[in-house]
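Q: Could you take me through the salt bridges of this model in some detail? I would like to see which charged side chains pair up and where they sit.

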Amino acid sequence: MAATSPTHSPGGPPPGAPAGDPGSSTGPAGRVALGAAGRGTADDADDRGDVVGPLERGLAVLRWLAARADAGPAVGPRPAPLAEVARVCGLARATVDRVAATLAADGLVRQDGRTVTLAPRLAALGNAYLASCRIPDVLAETAARLADAFDESVSVAVPDGDGVRFVLQVTRRRAMSPVFRVGDLLPAERCAPGALFAADWSPAGWAAWRARVDTDPGYGGFPALWSPASHPAGTPIAEPGDVEGAAPGPDAGAVTGFAARAAAALEAGHAVDDQLVEAGLIAVAAPIRDRRPNSPTAGQVLAALSVVSHTSRHSARSLATDVLPRLRAVALAAEEALADDAAAPNGEADGWPDADLLRETKAELGSGYLQSMARGFAVLRAFGAGTREPTLAELARATGLPRATVRRSLLTFTHLRYVASAGRRFRLLPRVLELGYAAVTDISLAALAEPHLTELVAAVRESASVSVLAGDEIRYVARVAASRIVSVAVTIGTRFPAYPTAMGRVLLAGLPPQALAGQLARLPATGPTPRAVTDPDRLRALVAAADRDGYALVTGELEEGLQSLAVPLRDRAGRVVAAANVSMPAGRVPPEHARAVLLPALRTAAAAIEADLRIVTAYRTSPAV
Ligand code: PHB
């Protein structure tokens, strides 16, 4: 098994402890403790009062799949055999089959025979947390300006048990800058924000931290520390400040000095990370406190704003001297902005099943579908749009579910520390991001498109591809060939001139007028075939038609006898970022058939790709493609 069993499942506060307090972990050594209830199969609340057993089991399966996706060496979601899921999660195989079928019906995982893989749609859960906490929405622009001002990466992190969870990243791509993803978790003692958060810990919180340090000295529960991107295989283990080594390891310095650093950070009003994560990486962080007088976390450190650099550009001290005045001012402004912010979470409705659809799916799939689990996820999702810190009644209204159902879901989430309550109001906790958020959002357009192209090819039995514009050419980034003898030899990375191709035409249609004019001005006198349109006026008209119709059909212009039908793929902002096509030998498919039969199938696939793209890029600051 590639996943080195995480020894620590980052915990939320122990019952009764303040929200920012670290607590005991929920399960040892990568096994997700479910107790006797874990083996039940009933689709209802189980014998521990009102905790919804199926929902708890679904979350356990997602958590394990997520830990597996983040554990090296091959980082990323990958198929897990259902038998292994059953073994590791301590569940009956029949139970796992139903959990997997339900998660798959909701689109949270993909099921392929006897394996399951985390699916992009899972990011909707983390998006609900990110939308509901308002931090990325309120601070994204401020953070981007700060990153511009210093030409360094800037991040915002929040306390999550004894860890530090990233909720916003504005990165400067540089050779030596490991980049944590939104959703990644670092141990508090190994980064600047942790020292700020620890100021709010109670004695019980410190004890919980200490227990984690003792049980997980190698940071098995923090796969982000070990990301292959930042730690190429074979890099030696380092002590803090050891510039020779590169990877973190059991580390007395970070641990023994932590309480003192936390005290110093409280006193100074900022914290410095001098290569605590790894050699060369330095950061300075300022606290963002909760200034809302009636907030359950009033006065506590809500988040930390960090500027991150490298010893090749700065020392920890010079970085602090340079950035602190501005960093402090920006953090204070951020405090005010968050305190004044009265907007409702603006997460979008992204096709999440409503109560009616859940009922229909249940009717269709019968006992294989754990409706109580699916309803739980619908409740979680409802935090992302509508009311801020909703009441039970508001969640019932938003989901269309009975109050008793919503109540049991909330009890389950609270029990597992994904939700906290204060009075009648409920809020999501950053721990929701541990459900695979970083893994499923860290995905290329190619990987995102592939399963949809595969489905399309199965339906139309012609080859399908996705390409992007690269200068005056299109470049294939994904391709699924139909298993026919006559199919066109194209591989990923293949480039063709844009103008005589269908994908090129829809991509050109997405260009701003000046860029299109430039392309038209550079058309050659003769094309690859006699049919190729090289006259700028005629091509302009064809591009305009592709724009108007939303597709292009091109026959024999790139190659005699080859026909391609293409549609644009748009990002969240409506910009054309890529094109998808179906290609076929011209003789086999008359153009009318292509329009009548292939176009609807291609559009369905394109819409599915765009929907996934929207979900995984909702809080991504790097380009989508
Ligand atoms: C980061 O944003 O990557 C970061 C922030 C603070 C640290 C280390 C890394 O101490």
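A: Happy to. This is a predicted model, and the count of salt bridges in it comes to 29. Side chains of opposite charge can pair when their charged atoms come close. Let us look at a few of these pairs in turn.

A good place to begin is Arg 181, whose side chain meets that of Asp 70 in a salt bridge, with 3.0 Å from N to O. Arg 181 belongs to the loop between β5 (163–170) and β6 (185–187), while Asp 70 is in helix α1 (residues 53–70), so this pair ties together parts that lie 111 residues apart in sequence. Both Arg 181 and Asp 70 are buried, meaning that each has under 20% relative accessible area. The pair also belongs to a wider arrangement: a network of salt bridges links Asp 70, Arg 181, Asp 184 and Asp 442.

Next comes a pair in another setting. The side chains of Glu 336 and Arg 291 form a salt bridge at 4.0 Å, N to O. Because Glu 336 lies in helix α10 (residues 316–340) and Arg 291 in the loop between β10 (281–289) and β11 (301–310), the bridge ties together parts 45 residues apart in sequence. As for accessibility, Glu 336 has a relative value of 43%, so it counts as partly exposed. Arg 291 is partly exposed too, with a relative accessible area of 40%.

The third example joins Asp 549 and Arg 548, whose side chains meet in a salt bridge at 3.0 Å, N to O. Here Asp 549 is partly exposed, its relative accessible area being 31%. Arg 548, in contrast, has 65% relative accessibility and therefore counts as exposed.

To place that last pair, it helps to look at the strand that follows in the numbering, β17 (552–555). An open sheet of six strands runs in the order β16-β15-β14-β19-β18-β17, with antiparallel pairing. β17 and β16 (495–497) stand at its edges with a single partner strand each, so one side of each has no neighbour in the sheet. The twist from one strand to the next averages 30°. The partner of β17 is strand β18 (residues 562–570), paired in the antiparallel sense over four bridges; within that pairing, Thr 555 has Gln 563 of β18 as its bridge partner. Helix α17 (residues 502–509) lies across β14, β15, β17, β18 and β19, and runs at about 160° to β19.

Conventions: Residues are numbered from 1 along each chain as its sequence is written. This is a predicted model: local features need pLDDT of at least 70, side-chain atom pairs count only at pLDDT 80 or more; totals for chains, interfaces and linings use all residues. Side-chain values use heavy atoms; hydrogens and water are left out. Helices (H or I, at least four residues) and strands (E, at least two) are DSSP runs, numbered from the N terminus. Buried means under 20% relative accessible area, exposed over 50%, partly exposed in between (1.4 Å probe, protein chains only). Two strands pair if DSSP finds at least two bridges between them. Axes are lines fitted to C-alpha atoms, for helices over the stretch in contact, and angles run from 0 to 180 degrees between N-to-C directions. Contact means heavy atoms within 4.5 Å.
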